[in-house]
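This report introduces selected features of one molecular structure to a reader who has not met it before. Its topics are a pocket, two sheets and the helices that accompany them.

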Amino acid sequence: MRTNRRPVTTTSPTAVRNLGILAHVDAGKTTITERILFATGAIHKRGEVHDGTTVTDFDAQERDRGITISAAAVSCTWGGHRVNLIDTPGHVDFSDEVERSLRVLDGAVAVFDAVAGVEPQSESVWRQADRHGVPRIAFVNKLDRAGADVDTAVASIRDRLGAVPLVVQLPIGKEDGFTGVVDLLGMRSLLWHAGSDTYETGPVPEPLREEANRRRRLLDEAVAELHPDALEEFYAASALTERTLAGALRELTLRGDGVVVLCGSAYRNRGIEPLLDAVLAYLPSPTDMPPVRGTVDGVEQERAPDPAEPFAALAFKVTATATGRLTYLRVYAGTLRKGMSVLDAGTGRTERVGRILRVQADQHEEREEAVAGDIVAVIGLKAARAGTTLCAPGAPLVLEPPSVAEPAVSVAVEARRSIDTGRLSAALARLAEEDPSLAVRSDAETGQTVLSGMGELHLEVAVEKIRRGHGVEVVVGRPQVSYRETVVRGVTGLVYRHVKQDGGAGQFAHVVLDVEPLEEAGFEFRSTVVGGRVPQEYARAVEAGCRDALAEGPLGGFPVTGLRVTLTDGATHSKDSSELAFRAAGRFALREALRASTVELLEPVVEVTVTVPENGVGGVLGDLAARRGRVSGSTAEAGTAVITAAVPLAELFGYASRLRGRTQGRGTFTTRPAPLAPVPPSVAGVLLAR
């Protein structure tokens, strides 16, 4: 890590853009990030993914594998604005990195391959952005590829994502002849010449003038349908001015009612400058976002994105470097200064910020302060984790942390040499600290250390980090998936009395529970007790006891999900009742209720999209059937078939090697998570007999 020491001016929050680059793996996210850094002067030489020379893929494994593994933050300036940009992973195994990034971003650029259009992980990250309410613009990349078609890609955005695409550019040239775009707002051409890093503006080429006018008319009509002020002008003048159109596009983007679509070829450095202009024109600044909401003692409060407000920030990433522990923060309100003490709102501990750094992938620039809207890294915090709220000691506020997905795959790990056991434990603890989607536990039956993560590749990368970063040789067991148990048919009126008397104050709790299935995974608890027969604090203790009981189900000791528990009645004792007694009653009562219920085993399932030559379809379909796959679709185009199927995750281990063997190395596949599914009785019997 290199740190530059030079004075840095503070940018007003109105002139800041915090955005992420989102896409399916290999759509060109990292190349776009690299070209943005080059166009803005942040770097002076373009790197390439295939050469392992890009700024954001600085990790050795990222360069070896040619994919983004960890979200990397960079910063640059364009048009008098500070652009804080996060290049996110595109592989499904690292979707938790995307989740943590989206939690702190104000906007995003969704990148689509001009040949493939919307791909499985494109759809997944789009839905993640929907959940967080992040405004987006779209960039259709790789227009220089054979088979590239903007209209087809835009149609897939409309059909598969349910979005309203508002196309503001028309390509000039096709495939290898792609040289520029027509700006439909300004009705001008932007042309990039071979070997040049700049573009020239000019009139719309004569052969494209009629098509450009037609598309501008379609754009005006689409915007007028969605924006009342634009509709009024369109009725009056039968067209929209460039100013009205630009303003309406911004408002539609911020509201999520439309998606501005641009196009280009990042590899050939064509379309990057207009993309940056669109980021400033359409995506929000921190001041365009609503005040951040948090809680203080259970009461909701708001804090505006103003440097004068009390300080509040959310930690979203922690990494260990040779020079110290870096904690990445999004500052939502107030001002953070070097040497300042901040409160960890979750633990109540106060820590001191030693240094504040502006992030440039693995390089950093020291700053004296950070203000509302900034994304920075700090050194000096010892206990903060991803999801920790940091705030002014005199003005506490707890912000909602990013959600963490449950691990889906587990492997047993042990040090090859017994003398390295302590080093392995330390390495695993550091990995889990840096990546909350990794979990480490000790198996009570076997005594083995179990590492759990989001997928086979996720665990493979984690183990390689231990080997490379900590010098520990690791023996890895066969992957195991995380099964769940769920209620199919529940029970009503289950009565449980918890009575314990062993000298001194006793324990007494009487509860009556109903248990019923939920349609979705999760757990719900409610109390319908009336008349004060079970006070509210005891009802909360019953809920806590029920949650304790969910850790192990009656079938195979797997966690239980997909049920609702209702406390319908109960009784207390004037002396012997306590929260401890009712928690124990809730735990034992639900265990008894689950044994009396009909319970089935669930397994994680993934949606697999396999791309193979047409002559290999038969073998692939047979292999998917042998893996208990359920084929949901198959399309063929230009000698290539695309097969979509739902396959149990447990059946996919080693599939990459098998697919390559069946297709002479020409087959590829991608996955994305699907809802849990019941395990067939014949398979469940084998699993539970182990």
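## Residue classes and the model

In the class counts below, Ala, Val, Leu, Ile, Met, Phe, Trp, Tyr, Cys and Pro are taken as nonpolar, Asp, Glu, Lys and Arg as charged, and the others, Gly among them, as polar. The structure itself is a predicted model.

## The second largest pocket

The second largest pocket encloses about 1300 Å³ of space. Its lining consists of 39 residues, and those nearest the centre of the pocket are R441, D443, Q480, V481 and F558. Divided by class, this lining comprises 19 nonpolar, 10 polar and 10 charged residues.

Several elements of secondary structure supply at least two residues each to the lining of this pocket: the strands β26 (409-415), β27 (439-442), β28 (449-453), β30 (480-481) and β37 (598-613), together with the helix α16 (681-689). The most is given by β27, which contributes four residues to the lining.

## The seven-strand sheet

Strands of a sheet pair through backbone hydrogen bonds, either parallel or antiparallel. One open sheet in this model has seven strands in the order β3-β4-β2-β5-β6-β12-β7, and its pairing is mixed. Its edges are formed by β3 (72-78) and β7 (165-167); each has a single partner strand, so one side of each is left without a neighbour in the sheet. On average, neighbouring strands of this sheet are turned by 30° against each other when direction is ignored.

Within this sheet, β2 (residues 16-22) pairs with β5 (residues 107-113) in the parallel sense, over four bridges. The bridge partner of I21 in β5 is V109. Helix α1 (residues 29-39) packs on the sheet and touches β2, β3, β4 (81-87), β5 and β6 (136-141). The direction of α1 makes about 35° with that of β3.

## The contact of α1 with α9

Helix α1 also meets helix α9 (residues 272-282): their axes come within 10 Å and cross at roughly 85°. Angles of 65 to 115 degrees count as roughly perpendicular, and α1 and α9 are therefore roughly perpendicular to each other. On the side of α1, the contact is made by I32, R35, I36 and A39, while α9 brings I272, L275 and L276. By class, the residues of this contact are six nonpolar, no polar and one charged.

## The four-strand sheet

A further open sheet contains four strands in the order β8-β9-β10-β11, with antiparallel pairing. At its edges stand β8 (169-172) and β11 (199-202), each with a single partner strand, so one side of each lacks a neighbour in the sheet. Neighbouring strands here are turned by 25° against each other on average, direction ignored.

The antiparallel strands β8 and β9 (residues 180-183) are joined by four bridges. I172 stands opposite G180 in β9. Helix α6 (residues 206-226) lies across β8 and β9, and runs at about 160° to β8.

Notes. Residues are numbered from 1 along each chain as its sequence is written. This is a predicted model: local features need pLDDT of at least 70, side-chain atom pairs count only at pLDDT 80 or more; totals for chains, interfaces and linings use all residues. Side-chain values use heavy atoms; hydrogens and water are left out. On a 1 Å grid over the protein atoms alone, a cavity is a set of points where a 1.4 Å probe fits but cannot get out, and a pocket is an open set with protein on both sides within 12 Å along at least five of seven lines; lining residues have an atom within 4 Å of a point. Grid points are joined across faces, edges and corners, and a volume is the space filled by probe spheres set on the points. Two strands pair if DSSP finds at least two bridges between them. Axes are lines fitted to C-alpha atoms, for helices over the stretch in contact, and angles run from 0 to 180 degrees between N-to-C directions. Contact means heavy atoms within 4.5 Å. Angles under 35 degrees count as roughly parallel, over 145 as roughly antiparallel, 65 to 115 as roughly perpendicular and the rest as oblique.
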